[in-house]
Amino acid sequence: MAGVCATKFAVLGFSGSLFKEVRPDGIRVTCIMPGSVETHFNGNEPGAEPNPHKMQPEDIAAMVGFFASDRAGYITGQTISVSGGLTMV
């Protein structure tokens, strides 16, 4: 767990610094901090039905899609936790 936490805080610090550098150029930077996602790497067998009570990769993809769209044009410099309420930051 220490490696996961260290990596997440590194990404958080990097995105905050990057935001300050590129903001004058109108470039948006938003950090998405995902929680545990059900994949075959953490116990979900390939081809198995997704567990409706666990976060799926599509949940993260939907947030990425939103922030890449024009609908999020005024959101920048933020860190968003997508974890189903089980935050790690």
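1. Contacts of Ile-32. In this predicted model, Ile-32 touches five residues that lie beyond its sequence neighbourhood of four places: Met-63, Val-64, Phe-67, Ile-80 and Val-82. Ile-32 also belongs to the largest nonpolar core. That core has 7 residues, and the other members are Val-37, Met-55, Ile-60, Phe-67, Ala-72 and Val-82. Phe-67 and Val-82 are thus worth locating in the structure: each is touched by Ile-32, and each is listed in the core.

2. Overall arrangement. The protein chain contains 2 helices and 2 strands. Read from the N terminus, the order of these elements is α-β-α-β. Of the contacts with a separation of 6 or more, 58% are between residues 24 or more positions apart.

3. Length of helix 1. Helix 1 covers residues 2-22. What span should its 21 residues have at 1.5 Å a residue? The expected value is 30 Å, and the end C-alpha atoms are 30 Å apart, which agrees.

4. The two sides of helix 1. Which residues of helix 1 are buried? They are Lys-8, Ser-15, Phe-19 and Val-22. Viewed down the helix axis, these buried residues fall within an arc of 85°, so they line one face of helix 1. An α-helix has 3.6 residues a turn, so residues three or four places apart point the same way. The face turned away from the buried side carries the exposed residues Ala-2, Phe-14, Lys-20 and Glu-21. The student should note that Lys-8 is on the list of buried residues, whereas Phe-14 is on the list of exposed ones.

5. Cover over helix 1. What covers the buried residues of helix 1? The cover includes strand 1, which comprises residues 30-34.

6. Surroundings of Ser-83. Ser-83 is located in the segment that follows strand 2 (78-82). Is Ser-83 buried or exposed? Its relative accessible area is 10%, and because buried means under 20%, Ser-83 counts as buried. The side chain of Ser-83 makes a polar contact with the side chain of Ser-81, at 3.2 Å. Leaving aside residues up to four places away in sequence, Ser-83 touches Gly-35 and Met-55. Met-55 is also one of the residues of the largest nonpolar core.

7. Burial and surface of the chain. The protein chain has 89 residues, of which 22% count as buried. About 6,400 Å² of the chain is exposed, and carbon and sulfur atoms supply 61% of that area.

Note on methods:
Residues numbered from 1 in each chain as written. Predicted model: local features only at pLDDT ≥ 70, side-chain atom pairs only at ≥ 80, totals over all residues. Heavy atoms only, no water. Helix = DSSP H or I, 4+ residues; strand = E, 2+ residues; numbered from the N terminus. Expected span 1.5 Å × (residues − 1). Buried < 20%, exposed > 50% of the residue type's maximum accessible area, 1.4 Å probe, protein only. Arc of directions from axis to C-beta. Contact = heavy atoms within 4.5 Å. Core = buried A, V, L, I, M, F, W, Y, C linked by side-chain atoms within 4.5 Å. Polar contact = N/O pair within 3.5 Å; in protein donor to acceptor, adjacent residues only side chain to side chain. Areas by Shrake-Rupley, 256 points an atom, 1.4 Å probe, with all protein chains shown as cover.
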